[in-house]
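Student: I am new to this structure and would like a close look at one part of it, starting from a single loop residue and going on to the strands and the core. Could you take me through it slowly?

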Amino acid sequence: MSNLAAGDAQLFEDTFTVTGHDQSKYDRVARIAATSTDNQTQMQLDINSELFSINVGNNMQVVLATSLSLDGSKDDDEEKGWRNVRGESTLADMYDYVCHGKIYKFEDGADGQTIRAYISFGGLLMMLEGPYKKLTPLHVDNTYLLIKK
């Protein structure tokens with residue numbers, strides 16, 4: 001895990017190299033394919049290509065977290081949403097692309113040694129496939145996706 005103070009709020013972190021980029025279906029959305037630097041985890045991710053442009057061969061750090069609070073405290077949806085931070089520093093300040101979504105489904109991988117996690121960020125989809133050990137902290141819940149190059 002990272003040296004960030006987010007503590008238990010951070011569910012997953014890895015560095016990926018983009019291996020594929022397909023923008024043929026939509027004008028402002030690209031589906032990227034990426035492999036972690038240790039070659040254990042595969043990812044497919046839909047991104048808003050106007051907000052975050054990335055090309056094949058680029059590296060990016062990907063984090064999934066339950067909160068944007070630097071101290072790792074759970075976001076209170078009633079009191080403070082992600083847009084209402086009133087000048088406070090958050091994890092989002094350290095990243096180039098941030099989305100809020102929901103982890104909604106898990107499947108066993110084709111080889112029986114891996115698991116697939118499916119996440120939706122308002123219709124932009126993400127699929128992570130990797131060893132159980134790396135993806136065990138993920139569970140059906142809301143999550144933030146944070147990416148930086």
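Tutor: N39 has a relative accessibility of 59% and so counts as exposed, a word kept for values over 50%, while buried means under 20% and partly exposed lies in between (1.4 Å probe, protein chains only). This is a predicted model, in which local features need pLDDT of at least 70 and side-chain atom pairs count only at pLDDT 80 or more, while totals for chains, interfaces and linings use all residues. Residues are numbered from 1 along each chain as its sequence is written, and side-chain values use heavy atoms, with hydrogens and water left out.

The place of N39 is the loop between β2 and β3, where its phi is near 60°, a positive value in a residue other than glycine. Most residues other than glycine have a negative phi.

To see what the loop belongs to, follow the chain from its N terminus, along which the elements run β-β-β-β-β-β-β-α-β; that makes one helix and eight strands, where helices (H or I, at least four residues) and strands (E, at least two) are DSSP runs, numbered from the N terminus. β2 forms a hairpin with β1, with six residues between them, and these two strands run antiparallel and are joined by six bridges, two strands being paired if DSSP finds at least two bridges between them. Within this pairing, V18 has A34 in β2 as its bridge partner. β1 also runs antiparallel to β4, to which it is joined by seven bridges, and here D14 stands opposite V62 in β4.

From β4 the path leads on to β8, since five bridges join these two antiparallel strands and V63 stands opposite L146 in β8. β8 in turn pairs with β5 in the antiparallel sense over seven bridges, with L145 in β8 as the bridge partner of C99.

These strands also supply the core. The largest nonpolar core has 29 residues, and those with the most contacts inside it are M43, M60, L64, M126, L128, L138 and L145; such a core is a set of buried Ala, Val, Leu, Ile, Met, Phe, Trp, Tyr and Cys residues joined through side-chain atoms within 4.5 Å. At least two of its residues come from each of β1 (10–22), β2 (29–36), β3 (42–48), β4 (59–65), β5 (97–108), β6 (114–121), β7 (124–131) and β8 (141–148). V63 and L146, the pair met above, are among the seven residues of a second, separate core, which also includes A65 and L68. Returning to L138, and leaving aside residues up to four places away in sequence, one finds that L138 touches L11, F12, L64, I103, F106, A117 and L128, a contact meaning heavy atoms within 4.5 Å.

F12 leads to the aromatic rings, of which the structure holds three pairs. The centres of the rings of F12 and F16 are 6.3 Å apart and their planes stand at 40°, so this pair is tilted; rings of Phe, Tyr and Trp (its six-membered ring) pair if their centres lie within 6.5 Å, and planes under 30 degrees apart count as stacked, over 60 as edge-to-face and the rest as tilted. F12 is buried at a relative accessible area of 2%, and F16, at 0%, also counts as buried.
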